[in-house]
Amino acid sequence: MSIDACIAHAIHNDLDIMEALPEVHELPIEEMEGYIEKYICSIHETMKDTIVAYGDSYIRSKDAAGLCATCLQGGLLMPAHMLLRMCQTIVQLIELDAKFILDTDDGKSLYYMKMELA
């Protein structure tokens with residue numbers, strides 16, 4: 001999978017927005033969507049830039065903890081345990097040869113995946 005797809009998948013599966021942004025409880029409803037969208041886009045871009053610049057060796061060695069530490073040093077502001085789960089997801093997915101097909105009506109993503117069986 002591409003790094004963008006891996007990051008998007010990790011954000012979708014592992015980011016708990018209420019834990020990462022406790023201040024959303026105080027926001028007016030009409031401001032919440034834009035605030036959360038801006039945060040998620042920022043997280044995605046910061047992760048991508050950091051991983052592309054400094055994360056290759058961690059990706060290749062499947063070192064999610066090292067990737068997590070690198071992202072924290074790169075300025076990613078979120079709880080470390082949540083970021084570690086996201087980095088674990090990225091490390092697992094980066095080697096998959098998968099292509100996004102569509103989102104189903106019930107909110108699940110469908111991918112085409114190529115695998116080798118031993």
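Start by selecting threonine 70. Leaving out residues up to four places away in sequence, threonine 70 touches Thr50, Tyr54 and Tyr58. This is a predicted model. Threonine 70 lies in helix α5. Its relative accessibility is 9%, so threonine 70 counts as buried, the cut-off being under 20%.

**Zoom out to the whole chain**

Show the chain as a cartoon. The protein chain has 6 helices and 2 strands. Follow the cartoon along the sequence and the pattern reads α-α-α-α-α-α-β-β. Along the principal axes, the C-alpha atoms fill a box of roughly 55 × 40 × 20 Å. Colour by burial next. Of the 118 residues in the protein chain, 33% are buried. Now turn to contacts between residues at least 6 apart in sequence. Of these, 54% join residues at least 24 apart.

**Select α3 and α5**

Two packed helices are described by the angle between their axes and the distance between the axes. Select residues 29-54 for helix α3 and residues 64-73 for helix α5. The two helices pack at an angle of about 115°. Their axes are 9 Å apart. The crossing of α3 past α5 is right-handed. Show side chains at the contact. From α3, pick Met47, Thr50, Ile51 and Tyr54. From α5, pick Leu67, Thr70 and Cys71. What kinds of residue make up the contact of α3 with α5: nonpolar, polar or charged? The contact has 5 nonpolar residues, 2 polar and no charged.

**Stop at threonine 50**

Click on threonine 50, in helix α3. Threonine 50 is buried, because its relative accessible area of 6% is under 20%. Where does its side chain reach? Draw a distance to the backbone oxygen of threonine 46: the side chain of threonine 50 reaches that oxygen at 2.8 Å. Now show the neighbours of threonine 50. Residues up to four places away in sequence aside, threonine 50 touches Gly55, Thr70, Cys71 and Gly74. Your starting residue, Thr70, is on that list.

**Move to cysteine 71**

Stay in helix α5 and select cysteine 71. Is cysteine 71 buried or exposed? Cysteine 71 is buried, because its relative accessible area is 1%, under the 20% cut-off. Display the contacts of cysteine 71, again without neighbours within four places in sequence. They are Met47, Thr50, Ile51, Leu76, Leu83 and Cys87. Then draw a distance from cysteine 71 to methionine 18. These two residues are 53 residues apart along the chain, and their C-alpha atoms are separated by 20 Å.

**Colour the nonpolar core**

The largest nonpolar core has 31 residues. Which of them touch the most other members? Met47, Ile51 and Ile90 do. The elements that give two or more residues to this core are α1 (3-14), α2 (17-20), α3, α5 and α6 (80-93). The most comes from α6, with 7 residues.

Pick isoleucine 51 within this view. Not counting residues up to four places away in sequence, isoleucine 51 touches Ile3, Ile7, Asp56, Ile59, Leu67, Cys71 and Ile90.

**Follow the contact to isoleucine 3**

From Ile51, go to isoleucine 3 in helix α1. At 18% relative accessibility, isoleucine 3 is under the 20% cut-off and therefore counts as buried. Beyond its neighbours up to four places away in sequence, isoleucine 3 touches Lys48, Ile51, Ile90 and Ile94. Add valine 91 to the selection. Isoleucine 3 and valine 91 are 88 residues apart along the chain, yet their C-alpha atoms are separated by 9.8 Å.

**Finish at lysine 62**

Select the loop between α4 (56-60) and α5, where lysine 62 is found. Check its backbone angles. Most residues other than glycine have a negative phi. Lysine 62 has a positive phi, near 60°. What does lysine 62 touch? Outside the residues up to four places away in sequence, lysine 62 touches Val91 and Glu95. As a last step, draw a distance from lysine 62 to isoleucine 90. These residues are 28 residues apart along the chain, and their C-alpha atoms are separated by 9.3 Å. Isoleucine 90 is also one of the contacts of isoleucine 51.

Technical notes. Residues are numbered from 1 along each chain as its sequence is written. This is a predicted model: local features need pLDDT of at least 70, side-chain atom pairs count only at pLDDT 80 or more; totals for chains, interfaces and linings use all residues. Side-chain values use heavy atoms; hydrogens and water are left out. Axes are lines fitted to C-alpha atoms, for helices over the stretch in contact, and angles run from 0 to 180 degrees between N-to-C directions. Helices (H or I, at least four residues) and strands (E, at least two) are DSSP runs, numbered from the N terminus. A crossing is left-handed if the near helix is turned anticlockwise from the far one by less than a right angle, and right-handed if clockwise. Contact means heavy atoms within 4.5 Å. Ala, Val, Leu, Ile, Met, Phe, Trp, Tyr, Cys and Pro count as nonpolar, Asp, Glu, Lys and Arg as charged, and the others, Gly among them, as polar. Buried means under 20% relative accessible area, exposed over 50%, partly exposed in between (1.4 Å probe, protein chains only). A polar contact is a pair of N or O atoms within 3.5 Å; within protein, one must be able to donate a hydrogen and the other to accept it, and residues adjacent in sequence count only if both atoms are side-chain atoms. A nonpolar core is a set of buried Ala, Val, Leu, Ile, Met, Phe, Trp, Tyr and Cys residues joined through side-chain atoms within 4.5 Å.
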